[in-house]
Amino acid sequence: MSTSTCFDALRAALRADLDFHGTNGSYGPHAWHPFPAKFPPQLPRFLIEQLSAPGDVILDPMLGSGTTLVEAVRLGRRAIGCDIDPLARMIAVAKLTPIDPSAALEEGLTVLSAAQRDCWQDGHRLRQDFQLRFDGKTADFIDYWFLPQHQIELFSLLKRIEALPQGSIRDFLSVVFSSTIIAKSGGVSLARDLAHTRPHRDMKKAPASAFVEFAKRLERNVAAIGNGMPHETEESSHLSVNGAMDSSERNCQAEVRAASAADTGLPPESIDLIITSPPYANNAIDYMRAHKFSLVWFGWNITELSRIRAQYLGHDALSDKEYQNLPDQCQETIATLAERDARKAQTLRRYFGEMATVIAEMKRVLKRGGAAVIVVATSNLRGIDVQTHKGLASIGESAGFDLAGIGVRRLDRDKRMMPARWGNQQSSQIEARMHDEYVIGLVKS
């Protein structure tokens, strides 16, 4: 696609209705696992259709739960995604791997039955193994958030899943397991509001048995397999997993990388289209606060997860880096915020500075005439709308992109998992900043 053709197509796309209210975004694997601030699959699907052709390479450098990648593969494109979040990669890998629904159901029920038998017949040995698996800090975390009975039920399920050979069914059942913990309805921990990354402990909560929840989610997720994702066939092998999870080459239509958006490791000018949604400024949605509830069971300890969390883009911890040469739009916003809160101004500077590095990496890997689309909401810090979209657009122009425009989409509070409310009730900063989302369109000339 020529630069001018891409520019015109992107401008036209940004003028379209990007709300997608009233559409079903829960088809196929998209509803397998809750994930905060997940955009509707119709949005990347529409942009991929408008801005690429079959066989093109689509990149999401902050892949989240893999929505862009799934839609790219469904449309016959090659998909590449990067993320430093282990749970995001685990979910994306499972969603992108073709799977036989009958085999998945049969194996899932076998795992469930064997785990229940282990619990009832060999509970003492299970408890001994459980005590040896976790370090002190991680064990304290589990003891605080999970009742003893649920700990043993989850551990027995996990051991049976881990006994399966590496592959699509084990990946799928790992996601089923995780979704019994991180759930919109509360899951099997003592946490409330976990799916919104705002967990608080409720000792009055009476979680259902992990076995019951596993059976429910297994049935639901298997039913979704036949509704929007390819079944496993002899010819299909569509996934290459790069990084810590699995180094094996299972396929080549999709690739999941354990890499940061600022350093993807991809060759220069190798990508046809980028569609991504970065975290919000000032760590407004703290993904790791929720994801660690699941990840501790898969062998990640609390100390290591805290280290990963500190590397998240938009983290609210201060940094020693200077982040010079930000455009005037960003500098002026930071200066205005500094008059009210110097520390928040520093974290906003870190956010814009890190996004400048990410956008420079996007430009490096994107082909000439390709588009980069960034979906983001603004933030309200100390009563100031920091206009994140304008800041990122100005960073894009400073990096050498041509700005095709900024589209606006209204969030559907019933489907977008964010702590937002309609009406005039804006009792918190978070509610004041998450009703609209902006779609920034950049073109590399």
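This passage looks at the largest pocket, the aromatic pairs and one buried histidine of a predicted model.

A good place to begin is the largest pocket, which holds about 720 Å³ of space. Its lining is made up of 39 residues, and those nearest the centre of the pocket are Met62, Asp83, Ala261, Pro279 and Leu313. Sorted by class, the lining comprises 21 nonpolar, 11 polar and 7 charged residues. Three helices, α3 (67-74), α11 (287-295) and α14 (342-365), each contribute at least two residues to this lining. Of the elements around the largest pocket, α14 gives the most, with 5 residues.

Attention now turns to the aromatic rings. The structure contains 15 aromatic pairs. One of them joins Phe146 and Trp297 in an edge-to-face arrangement, with 5.4 Å from centre to centre and 90 degrees between the planes. This pair brings together distant parts of the chain, as the two residues are 151 residues apart. Phe146 sits in the loop between α7 (136-145) and α8 (148-162), while Trp297 belongs to the loop between α11 and α12 (302-310). Both Phe146 and Trp297 are buried. A second pair, Tyr351 and Phe352, has ring centres 5.9 Å apart and planes at 55 degrees, so this pair is tilted. With planes over 60 degrees apart, a pair would instead count as edge-to-face. Tyr351 has a relative accessibility of 0% and therefore counts as buried. Phe352, likewise with a relative accessible area of 0%, is buried.

Phe146 and Trp297 also take part in a wider grouping, a cluster linked by ring pairs. The other members of this cluster are Phe130, Phe134, Phe141, Tyr144, Trp145, Phe155 and Phe293. For Tyr144, a charged neighbour can be added to the picture: Arg201 lies over the face of the Tyr144 ring, at 3.9 Å from the ring centre.

The last stop is a single residue, His291, which is found in helix α11. That helix is also one of those supplying at least two residues of the lining of the largest pocket. Is His291 buried or exposed? Its relative accessibility is 2%, so His291 counts as buried; the cut-off for buried is under 20% relative accessible area. Which residues is His291 in contact with, leaving aside its neighbours within four places in sequence? These partners are Phe35, Pro36, Asp85, Leu87 and Ile182.

Terms used
Residues are numbered from 1 along each chain as its sequence is written. This is a predicted model: local features need pLDDT of at least 70, side-chain atom pairs count only at pLDDT 80 or more; totals for chains, interfaces and linings use all residues. Side-chain values use heavy atoms; hydrogens and water are left out. On a 1 Å grid over the protein atoms alone, a cavity is a set of points where a 1.4 Å probe fits but cannot get out, and a pocket is an open set with protein on both sides within 12 Å along at least five of seven lines; lining residues have an atom within 4 Å of a point. Grid points are joined across faces, edges and corners, and a volume is the space filled by probe spheres set on the points. Helices (H or I, at least four residues) and strands (E, at least two) are DSSP runs, numbered from the N terminus. Ala, Val, Leu, Ile, Met, Phe, Trp, Tyr, Cys and Pro count as nonpolar, Asp, Glu, Lys and Arg as charged, and the others, Gly among them, as polar. Rings of Phe, Tyr and Trp (its six-membered ring) pair if their centres lie within 6.5 Å; planes under 30 degrees apart count as stacked, over 60 as edge-to-face and the rest as tilted. Buried means under 20% relative accessible area, exposed over 50%, partly exposed in between (1.4 Å probe, protein chains only). A charge sits over a ring if NZ of Lys or CZ of Arg is within 6 Å of the ring centre and within 35 degrees of the ring normal. Contact means heavy atoms within 4.5 Å.
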